[in-house]
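This report describes the structure shown below for a reader who meets it for the first time. It treats the contact between the chains, then one chain as a whole, and finally some details of the backbone.

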Amino acid sequence: MVVQSRGLRDKYCIVGVGETEYSRSSGRTTRAMAVEAIRKAILDAGLKAADVDGMLDYQGGDSTLANSVASDLGIRFNFYMDVMGGGSSTEALVGLAMGAIEAGMCNTVAIYRSMNGYSEFRIGGTGARAAQPVRGLDLAQVPYGMRSAGQNFAPTFMRHMYEYGTTSAQVAHVRVAHSKHASQNPKALLKERVTVPDVLNSRWIVKPLHLLDCCVETDNATCIIVTSVERARDLKHRPIHIMGVAGRVSKPRLDFHWAHGPISRVAGYYAKDIVFPQAGITPEDVDVTGSYDAFTFTTMLQLEEYGFCKKGEGGAYVSSGIIELGGTRPNNTSGSHLCEGYTHGMSMVIENVRQLRGTVDDYCPRAAEGFHTYDYSPRQCRQVRDAEITMNLGWAMPATGSALIMRR
Amino acid sequence: MPQPVQYRGMALIVPDNDSEWKEFYAHARAHRLVVRKCKVCGLMRYPPTHACPWCMDLGWTWQEVSGRGTIYSYEIVAHAIQPGFKEMTPYAVVLVELDEQRGQPTPDEALRVIANLVKVDFTAESEADVAIGKRVRVVFQDLADHMALPQFALTEEPAAGRVWRLPE
């Protein structure tokens, strides 16, 4: 089905971003972390609490709802909603924020995600989640020892290797690239650069995934503020314009996506036909990508599905150097989920906002003023020179994804 | 409501009002693998769902299938998440394409089922014997008076197409 563009390109902007530290022991509530991240984003935008009248958040029974968080900050709502979900929600909620403002329901929306994703509710399904009874659709998979995200995705990755000859070594380059980027990121939990052998020699989790093919669960909160381009013009930073957005686009048979194949096809196959026409660009126009890296394979699968290379050539693409800082189209320049910390997608949009502003928070002394060395050796710079257009490729699972194209 | 079935530390819950799964597991306990077949378009579907995903009709019957198929993809779990699976590692989860309805109604569709690849005693099949393309048959692991889990075991049939497993 063709989705008709509504002509909203460049009419909405991201004006503020903020986050807590990434840790494995926050020692505090998701409420406290959410309040800190939202406050930082409001101040980053140059707004006051009273200027924010909308709120959206997403969670999976592991976080604090908007009513508490807003009350702490003295925000009165004209619109708010708590949404169930994890990965691929960030881009979808940016689109929902635009829709709420376009409908005249509110003026400015703060989007947040707050989770003790390591110390309390582990994303991998261990801890509190492992004790949940199995019923309904879960009966088709969970009794077979298939519960975590990695276990749920691995047959998709394996089939891609079978169909296209993709190798573990090729895909390991995603971790190599993202660890390089994390080495330039003071916020990153894992700042050490790793090599392809490091990835291949790390222990198996669920084949074909090694430990270093998997992201790093963390405690954190993150926030993004969306408003109209008119409101954005007199705020603190250069407005970052939203050119196109696609939210939670899915494959057929979402209940059991194995039923519809080839299973190596992921949701970007459908989402690209929504987001690129909205933005009026092609993949060649994109300077920086943010392809969700819950696993090395998810980054690779999405980059090829959205057309940054041909279908089946993702292994060659991610191992070519293109996705590294200094390459022609760096991906996940903060080190993101594999190295910086797992955020369910928020941090990759935040990073791209900062790339477009030219104020990435690397080790350059005057980074906040936009002065960078472009020296990509360890503990130096991670700003991409003159980044004009970025694209985020959000992932929930092979069958569901979202996308967001922004420009400065 | 029947008591939850305890299996590898998990409570499997199939209450009397489970209109999707209750009869499926009753058939499995009688060692029959069944899927739902649409009364209107005749297409079969798994897992059990209320409406036909192709024609939206609500009429369906249980249809027994042969339980024969081919491994379409797989994974080897080395690090178990659920405590009850730790002693089973490394174990294979297989995505099996059943012989019935392959490539229908579109070339990209098939009746595919997730299960473990097991030996006759329901322990994990040797990792070296797990590969895409290998032929399998359904076996039933009895868990309670009203419930059995469909599992898959290798057969002696020649492989279907290219056989591939993850290089060491």
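Val206(A) has Val77(B) as its bridge partner, and Val77(B) belongs to strand 6 of chain B. The model is a predicted one. The two strands concerned, strand 5 of chain A and strand 6 of chain B (residues 68–77), are paired in the antiparallel sense over two bridges.

This pairing belongs to a wider contact between the chains, in which 39 residues of chain A meet 36 residues of chain B. On the side of chain A that touches chain B, helix 4 (149–164) and strand 5 (204–207) each contribute at least two residues. Helix 4 of chain A gives the largest share of that side, namely seven residues. By residue type, the side of chain A that touches chain B comprises 24 nonpolar, nine polar and six charged residues.

**Chain A as a whole**

Chain A contains 12 helices and 11 strands. Nine strands of chain A form an open sheet with mixed pairing, and their order is 3-2-4-7-1-8-11-10-9. Strand 3 (79–84) and strand 9 (288–291) of chain A are the edge strands, each of them pairing on one side only. From one strand to the next, the twist averages 20 degrees.

Within chain A, strand 2 (residues 54–59) and strand 4 (residues 108–116) run parallel and are joined by four bridges. In this part of the chain, Gly54(A) is placed opposite Val109(A), a residue of strand 4 of chain A.

How does the radius of gyration of chain A compare with that of a compact globule? For 408 residues, such a globule would have a value near 22 Å, and the 20 Å of chain A agrees with this. Along the principal axes, the C-alpha atoms of chain A fill a box of roughly 55 × 50 × 45 Å. Of the 408 residues of chain A, 63% count as buried. Among the contacts in chain A with a separation of 6 or more, 75% are between residues 24 or more positions apart.

**Backbone details in chain B**

Chain B offers several backbone features, listed in the table.

| Residue or bond | Feature | Value |
|---|---|---|
| Tyr46(B) to Pro47(B) | cis peptide bond | omega near -5 degrees |
| Gln104(B) to Pro105(B) | cis peptide bond | omega near -5 degrees |
| His31(B) | positive phi, not a glycine | phi near 60 degrees |
| Gln101(B) | positive phi, not a glycine | phi about 65 degrees |

Pro47(B) is found in the loop between strand 4 (44–45) and strand 5 (60–64) of chain B. Pro105(B) is situated in the loop that runs between strand 7 (91–98) and strand 8 (112–116) of chain B. Gln101(B) likewise has its place in the loop between strand 7 and strand 8 of chain B. The loop that holds His31(B) lies between helix 1 (22–29) and strand 3 (34–38) of chain B.

Are His31(B) and Gln101(B) buried or exposed? His31(B) has 13 other C-beta atoms within 10 Å and is therefore partly exposed. For Gln101(B) the count is 19 other C-beta atoms within 10 Å; because a buried residue needs 20 or more, Gln101(B) is also classed as partly exposed.

Key: Residues are numbered from 1 along each chain as its sequence is written. Chains are lettered from A and ligands numbered from 1 in the order in which they are written. This is a predicted model: local features need pLDDT of at least 70, side-chain atom pairs count only at pLDDT 80 or more; totals for chains, interfaces and linings use all residues. Two residues are in contact if their C-beta atoms, placed from the backbone, lie within 7 Å. Ala, Val, Leu, Ile, Met, Phe, Trp, Tyr, Cys and Pro count as nonpolar, Asp, Glu, Lys and Arg as charged, and the others, Gly among them, as polar. Two strands pair if DSSP finds at least two bridges between them. A residue is buried if 20 or more other C-beta atoms lie within 10 Å of its own, exposed if 12 or fewer, and partly exposed in between; C-beta atoms are placed from the backbone. Axes are lines fitted to C-alpha atoms, for helices over the stretch in contact, and angles run from 0 to 180 degrees between N-to-C directions. The radius of gyration is taken over C-alpha atoms; the globule rule is 2.2 Å times the number of residues to the power 0.38.
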